[in-house]
Amino acid sequence: MKVDIVTEKIALGYLVKVKGDVDMNSSTDVREALGQVFRQRSSSMKALVVDLSQVRYMDSSGIATLVEALQTCMKQGLQLRLADLSPPVKDVFELARLAAVFEIYPSLNDAMVER
Amino acid sequence: MVVLTIPSHPKFLYIVRNVIYPLAVNSGFSKKEVRRIVLAVDEACSNIIKYAYAGDATKSIAITVTDETDHFSVRLTDHGRKVDAAKIAPRDLEDVRPGGLGTHFIGAVFDTVAYDTDQDQGTVLTLLKNKRTAGPGAQHHMGSR
């Protein structure tokens, strides 16, 4: 199954919208898209917002990709904001007990607000 | 009983998910339980691809799903490197790092996780989920290896 990834420049930095199934086959595409953002970042970038509302499925490789992104953000002094987790993503976060580790926002609008 | 065989390439994992989902729904599990069953079976297949076959996409994984009165069972058969029981352990979730979650998911979702390496080659992994259970908490049974 294909995963669609759209990256947009926003006031806070970058918004990455992920749509589809993030599994062992497609998580490398997500990792590459996030890596591209880190390579392109400017000094004014404050946050990377990832919209997960359209993710139909996420496995442990998807979680690993987000943990890697979080670690990179922390090293670079950036915020990683996860927005509008779909029910399958919420489930996998709950199972992995990661909800407290990430900054999670109930909607994309909330995640886009400068804080 | 439903039997499905897929090539050992991650691009076929969605087929497994699409087969397991309706079968688990038909077994009477809630939507959330169904999503978790699908996740755990997908993780088990991913582990076979990564560890038993070391990424060799030319092999196969056989998946047998059985719906019994009191439990839902998924048996995964591979012909790769046998599972090393000593190395199967879910990692500490407090240690936040990429990787190592698949085994935790499988154990958290299924009530019984049994690895059988008695055959000449490969491993048979049997996953059982009881119906009307109060909560998960897998019993791990390791066959001889």
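**Exercise 1.** In this predicted model, find which elements of chain A the buried residues of helix α1(A) pack against, and then work out how the buried residues are arranged around the helix axis.

*Solution.* The buried residues of α1(A) pack against three strands, β1 (3–10), β2 (13–22) and β3 (47–58), and against the helix α2 (60–76), which belong to chain A. The helix α1 itself covers residues 27–40 of chain A, and its 14 residues reach 20 Å from the first C-alpha to the last, close to the 20 Å expected at 1.5 Å a residue. Next, list the buried residues, which are A:Ser27, A:Val30, A:Ala33, A:Leu34 and A:Val37. Seen down the axis of α1(A), these buried residues fall within an arc of 125°, so they line one face of the helix. An α-helix has 3.6 residues a turn, so residues three or four places apart point the same way. Finally, turn to the other side of α1(A), where A:Glu32, A:Arg39 and A:Gln40 are exposed.

**Exercise 2.** Decide whether B:Leu23 is buried or exposed, and describe its surroundings in the chain.

*Solution.* Begin by placing B:Leu23, which is found in helix α1 of chain B. A residue counts as buried if 20 or more other C-beta atoms lie within 10 Å of its own; B:Leu23 has 20 such atoms, and therefore it is buried. Leaving aside residues up to four places away in sequence, B:Leu23 touches B:Val2, B:Val65 and B:Asp67. As a last step, consider B:Thr66, which is 43 residues apart from B:Leu23 along the chain, while their C-alpha atoms are separated by 8.9 Å.

Definitions and conventions:
Residues numbered from 1 in each chain as written. Chains lettered and ligands numbered in written order. Predicted model: local features only at pLDDT ≥ 70, side-chain atom pairs only at ≥ 80, totals over all residues. Helix = DSSP H or I, 4+ residues; strand = E, 2+ residues; numbered from the N terminus. Expected span 1.5 Å × (residues − 1). Buried ≥ 20, exposed ≤ 12 C-beta atoms within 10 Å, placed from the backbone. Arc of directions from axis to C-beta. Contact = placed C-beta atoms within 7 Å.
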